[in-house]
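Work through the exercises below with the sequence and the 3D structure in view. Each task is followed by a solution in steps.

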Amino acid sequence: MLFHLDFDTITNIQEVIVKGKLTAQVVETLNRILEMELAGAIHYTHYSFMVFGYTRIPIVKWLEEQATESMAHARAAGELVTQLGAHPSLGIGPLLETHKHDIGDILRESLGHEKATLKHYQKLLQLVEGNDVMIEEYAREHIYLETQHIGEVDKMLRKPGDIAPFEHR
């Protein structure tokens, strides 16, 4: 017995296949974001233990706030993964330990981590742009937040009175 598939049926099957591939890529990217944000929470918590000196209290407070925010970002990514019907990763992103605990070293490591995480959010936006408004808005919001963090850390790395971004030196 032969089956006859009309053009509309073939088109619908192709759309389902394409959507399935896109969903798999979105889930994979969300899982990388989850892993990076979990690593961020660990980094910031670890850094908060390693701050000493007269300015310890405000710096530790800021690092703890960053750890809490990273954890919230990880939860949001994991919730999206399960909303898409997939399994959230149990992995954790790279945990760089340079054993350098000067505030400048800590901030430079933080800057590198924030930039790496930002790339995953940008990839997510490219995948969903025009296809999924909710995840597109999620990606845009987190691109904004990560870019804002990068700007904050950049300003913290500047010497008092320096106007030029730290990155450009």
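**Exercise 1. Check the span of helix α4, and find what sits at its start.**

Step 1. The helix α4 has 25 residues, which at 1.5 Å a residue should span 36 Å. The expected span is 1.5 Å times one less than the number of residues.
Step 2. The end C-alpha atoms of α4 are 36 Å apart, so the span agrees with the expected value. The model is a predicted one.
Step 3. At the start of α4, a side-chain oxygen of D132 comes to within 3.2 Å of the backbone nitrogen of M134.

**Exercise 2. Do the same for α3, and name the residue with positive phi that follows.**

Step 1. From its first C-alpha to its last, α3 reaches 38 Å with 26 residues, close to the expected 38 Å.
Step 2. D102 caps the N-terminal end of α3, with a side-chain oxygen 2.8 Å from the backbone nitrogen of G104.
Step 3. After α3 comes G130, whose phi is positive, near 80°.

**Exercise 3. Describe the protein as a whole.**

Step 1. The secondary structure consists of 4 helices and 0 strands, in the order α-α-α-α along the sequence.
Step 2. The protein has 169 residues, of which 37% count as buried.
Step 3. About 10600 Å² is exposed, and carbon and sulfur atoms supply 62% of that area.
Step 4. Take the contacts between residues at least 6 apart in sequence: 72% of them join residues at least 24 apart.

**Exercise 4. Trace the salt bridges of R140.**

Step 1. Side chains of opposite charge can pair when their charged atoms come close.
Step 2. R140 forms a salt bridge with E129, and the closest N and O atoms are 2.8 Å apart. E129 lies in the loop between α3 and α4 while R140 is in helix α4, so this pair ties together parts that are 11 residues apart in sequence.
Step 3. R140 also meets E136 in a salt bridge, at 3.1 Å from N to O. Both residues lie in helix α4, 4 residues apart, about one turn of the helix.
Step 4. Through shared partners, salt bridges join E129, E136 and R140 into one network.
Step 5. Compare accessibility, where buried means under 20% relative accessible area. E136 has 13% and is therefore buried. E129, at 42%, is partly exposed, and R140, at 34%, is partly exposed as well.

**Exercise 5. Which residues are in contact with S89, leaving aside its neighbours within four places in sequence?**

Step 1. Locate S89: the residue lies in the loop between α2 (56-83) and α3 (103-128). Its relative accessible area is 18%, so S89 is buried.
Step 2. With those neighbours left aside, S89 is in contact with N31, R32, L34 and E35.
Step 3. The side chains of S89 and E35 are joined by a polar contact of 2.4 Å.
Step 4. E35 in turn forms a salt bridge with R32, at 3.0 Å from N to O. Both E35 and R32 belong to helix α1 (residues 7-49) and are 3 residues apart, about one turn of the helix.
Step 5. E35 counts as buried at 14% relative accessibility, whereas R32 is partly exposed at 30%.

**Exercise 6. Is Y144 buried or exposed?**

Step 1. Y144 is found in helix α4 (residues 133-157).
Step 2. Its relative accessible area is 53%, so Y144 is exposed.
Step 3. Y144 and L118 are 26 residues apart in sequence, with their C-alpha atoms 9.1 Å apart in space.

Technical notes: Residues are numbered from 1 along each chain as its sequence is written. This is a predicted model: local features need pLDDT of at least 70, side-chain atom pairs count only at pLDDT 80 or more; totals for chains, interfaces and linings use all residues. Side-chain values use heavy atoms; hydrogens and water are left out. Helices (H or I, at least four residues) and strands (E, at least two) are DSSP runs, numbered from the N terminus. Buried means under 20% relative accessible area, exposed over 50%, partly exposed in between (1.4 Å probe, protein chains only). A polar contact is a pair of N or O atoms within 3.5 Å; within protein, one must be able to donate a hydrogen and the other to accept it, and residues adjacent in sequence count only if both atoms are side-chain atoms. Contact means heavy atoms within 4.5 Å. Accessible areas come from the Shrake-Rupley method with a 1.4 Å probe; for residues, only the protein chains shown count as cover. A salt bridge is a side-chain nitrogen of Lys or Arg within 4 Å of a carboxyl oxygen of Asp or Glu.
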